[in-house]
Amino acid sequence: MRRQVLFFLIFAFSSAGGQVTYSIPEEMSKGSLVGNIAQDLAIEVKRLKSGKARIYTEDNAEYIELNRDRGVLLVKERIDREALCAQTTPCALHLQITLEDPIEFYTVTVEINDINDNAPSFKKEEMKFRISESAVIGAKFVLERAMDLDVGMNGLQSYSLKPTDNFHLKLHSQQDGSKKVEMVLQKHLDREAQDHLSLMLTAVDGGDPQLSGTMRVEISVLDVNDNAPVFTQEIYKVSITETAPKATILCTVSALDADVGLNGNVLYSITNTLDDVSLLFKIEEDTGVVSLIGNLDYEKAQTYEIHVQASDEGGLTDSCKIIVDVTDTNDNHPSINIMSKTNSVSENTRPGTVVTIFNVQDPDSGENGKITCDINDGMPFLMKTTSKKFFSLVTDSDLDRERSSEYNITVTCSDEGVPSLSSSITLTLQISDVNDNAPVFERSLYEAYIVENNTPGLSILTVKATDADWNQNARVSYILEDSSVNGVPVSSYVSVSADSGIIHAVRSFDYEQIKDFQFLVKAQDGGSPPLSSNVTVKIRIQDQNDNPPQVLYPVQTGGSVVAEMVPRSADVGYLVTKVVAVDVDSGQNAWLSYKLQKATDRALFEVGLQNGEIRTIRQVNDKDTVKQRLTVIVEDNGQPSRSATVIVNVAVADSFPEVLSEFTDLIHDKEYNDNLTFYLVLALAVVSFLFITCVVVIISVKIYRWRQSRILYQSNLPVIPYYPPRYSDTLGTGTLQHVYNYEVCRTTDSRKSDCKFGRAGSQNVLIMDPSSTGTMQRIQSEKSILDEPDSPLEVRLQHYFL
């Protein structure tokens, strides 16, 4: 049989008067949504949390749970309508939702709708009848009724019997809503023609799709039994207490059959199928004695109907009904449930204030279910009845916390049965004080450290103040007092959480700008009027390694190259130069170390780890190249460390011509960019009429020079080399005598014909032009080479020529 589960959810609610009703189908999966109780009752979700909302049910069945975070009702356990309500309709769960501070409660009804999840079924797979062929037209044979746990349209709707040659069905409605099924003879049986009939009884419900159940009806045709049993009464009435023990005899039914012999032998049976009658009662098959075999409970059912069938050997039957009335006994203690309560009240609470609301249930009836509640003597409280099953505990006189700060109240509820049954619970109620204490900080001074470059919003520290008062009077709020730091409001530096006292950084701090600052935080309670106290908070900024080292010497310039000169006669430990760097950080973040990262010849130089001094580590020899390029890395001691690199050019040579020839190639690479920068600056400066005039003059000069060069180029005159007076080469070494001067013919561009002549000097700093041929002369000591703006290269020598 197919079982179809309907996945639908019907929300039908009414929120008038604090009540809401939902309608859901049975068999919903765990966690399914029942309804948005917060929205339907117009309660904020945070109110559900602060009020400690909870669900109370009368029978303590936990089918529905409340999700306070979302404000919704969810299915906690699978709901089987048939197990919950059986045939009772409508089937509903009655819930109460309670809130605290202030006390509120709401009524929620969840109707459980039936789904067609049960097919009609028969207790027996087949029924057998032995019918005499003398049975008259219209003879009735009671068939077993089908059982369908569903209700309404999903319940049992109709029967059909096939084939219908000899019998047809007749249904009789019963007081309990069920139908009595009878098979009526409509055509005489002929044993000689057919001694056995096989029929199929089908029960169909009204679901969509329809579900059905079948039972075979086997009929054996007999002779001559033409009288059916007849009960002496159609209805028997019996009364029994709910505490009656098992085996108690209710009554004895009797049916008479006019036939004799086996045809007059009557057998009795109970035919109830839709309820639990067969589990509570039994009948002796031969005597018709009906007795109790189960436990009765007046609170579950007050009346039972027992359907008894009498049948003879010929298959003729009759039926009667036994009505059993169950009487109540006082067998249930009152059940006290706290709907809402207050754990503490202020000592200035007025008399008549509601402290706790109780719901008292007693499933007994009549006097057995009437409840009265009292509290122990000597208490300034009083019990009041608010409705039939609800009681409230209220203050009866003025409270004095100095006299008593706590009350243990025992509530006793008794019924009026004989003997009387009672239940009791004990409540503990705290009496709170008025606001007579100011908040007190845990420390007289708070001091915290924070590393610079922090992220805004970072938690620095937490200030904590306590208040000896209770509840709202002890609820401390933290406020940042108005003040200024370096002329700026302190609120632009820090903020304080009013609830937790956590102090957050509003901005990112820079140790290089501010080392520390202090401010006041006020703690204020929630009393009326509020009381407060102040505490000083001092914040110290800790340095972070956020600045890399800065190299002060040697200066790295884009227009010229500085080279340190080392003579080839330099000994081990010869001081070439010193790298000077600084770090604006403090502490170990500013401790610098120097390392040689790359070098043309690592075996020749070393760098002092702490002082940055570059010294030779071996004797300089003739095989060492003139041009040495050292890359020095300067690192601080921070975590992680930061670094800077500097390139030091060293010339290993004893003479200027040797140095000049090695560094000429390096200069040519930068020549074009230097001239480009010059023209760009010139173009930006001259923006007036003078600029146009200068351009015209320059163009005219260029044309003239081009014509002159073309004339010289086309001439066939021989080139005669020129030597300065008294020029000589001593022993072929290229060294000039001390009395000679060097003339340096220089040009700012190899493509130009203009020349500039340097003058003799005595200093050890040389200027090398990109277009020079290698001839150089000393610069006068009165004028530094740095005074000439068009010098693209500086070579600093560490010794003097002799």
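What follows is a conversation between a trainee and a mentor about a predicted model, with reasons given for the terms applied to it.

Trainee: How confident is the predictor in this chain, and which stretches have pLDDT under 50?

Mentor: The model is predicted, with a mean pLDDT of 79 for the chain, and 81% of its residues reach 70 or more. The value stays under 50 over residues 666-673, where the model has 15 contacts beyond four places in sequence, and also over residues 715-802, where there are 164 such contacts.

Trainee: How many disulfides are there, and what makes Cys85 and Cys91 one of them?

Mentor: A search of the whole structure finds two disulfides. The sulfur atoms of Cys85 and Cys91 are 1.8 Å apart, and because the cut-off for a disulfide is 2.5 Å, the pair qualifies as one.

Trainee: Why is the disulfide of Cys85 and Cys91 called right-handed?

Mentor: The torsion about its S-S bond is about 65°, so the disulfide of Cys85 and Cys91 is right-handed. Both of these cysteines are buried.

Trainee: How do you know that Cys373 and Cys413 form a disulfide, and what is its handedness?

Mentor: Their sulfur atoms are 2.1 Å apart, which has to be set against the limit of 2.5 Å, and Cys373 and Cys413 therefore count as a disulfide. The torsion about the S-S bond of Cys373 and Cys413 is about 105°, so this disulfide is right-handed. Since Cys373 lies in strand β27 (residues 371-375) and Cys413 in strand β30 (residues 406-415), the pair ties together parts that are 40 residues apart in sequence. Both Cys373 and Cys413 are buried, and when the bonded cysteines of the chain are numbered in sequence order, the pairing reads 1-2, 3-4.

Trainee: Why is Cys320 in no disulfide, and why is it called buried?

Mentor: For Cys320 the nearest cysteine sulfur is that of Cys251, 8.0 Å away, and because a disulfide requires sulfur atoms within 2.5 Å, Cys320 is left in no disulfide. The relative accessibility of Cys320 is 5%, and because buried means under 20%, Cys320 counts as buried.

Trainee: What makes Cys694 partly exposed?

Mentor: Cys694 has a relative accessible area of 34%, and because partly exposed covers the range between 20% and 50%, that is the term for Cys694.

Trainee: Why is Ser593 called buried, and what does it touch?

Mentor: Ser593, whose place is in strand β47 (residues 592-599), has a relative accessibility of 16%; because the limit for buried is 20%, Ser593 counts as buried. Not counting residues up to four places away in sequence, Ser593 touches Leu609, Ile633, Val634 and Glu635.

Trainee: What makes β25 and β27 edge strands, and how is their sheet ordered?

Mentor: The open sheet has four strands in the order β25-β31-β30-β27, with mixed pairing. In this sheet β25 (344-346) and β27 each pair on one side only, and they are its edge strands. Neighbouring strands here are turned by 30° against each other on average, direction ignored.

Trainee: How do you know that β25 and β31 pair?

Mentor: Three bridges join β25 to strand β31 (residues 422-432), the two running parallel, and because at least two bridges are needed for pairing, β25 and β31 pair. Within this match, the bridge partner of Ser344 in β31 is Gln430.

Trainee: What is the pairing in the sheet that holds β26 and β29, and how many bridges join these two?

Mentor: That open sheet of four strands has the order β24-β26-β29-β28, with antiparallel pairing. Strand β26 (residues 354-361) and strand β29 (residues 390-395) pair over five bridges in the antiparallel sense, and the bridge partner of Thr356 in β29 is Leu393.

Trainee: Which residues have the most contacts inside the largest nonpolar core, and which strands supply it?

Mentor: The largest nonpolar core has 29 residues, and those with the most contacts inside it are Val494, Ile503, Phe517, Phe519, Val521, Val537 and Ile539. Among the strands that each supply at least two residues of this core are β33 (445-451), β41 (516-525) and β42 (532-542). A second, separate core of 28 residues includes Leu250, Val253, Val290 and Tyr298.

Conventions
Residues numbered from 1 in each chain as written. Predicted model: local features only at pLDDT ≥ 70, side-chain atom pairs only at ≥ 80, totals over all residues. Heavy atoms only, no water. Buried < 20%, exposed > 50% of the residue type's maximum accessible area, 1.4 Å probe, protein only. Axes fitted to C-alpha atoms, helices over the stretch in contact; angles between N-to-C directions. Contact = heavy atoms within 4.5 Å. Core = buried A, V, L, I, M, F, W, Y, C linked by side-chain atoms within 4.5 Å. pLDDT = per-residue confidence, 0-100.
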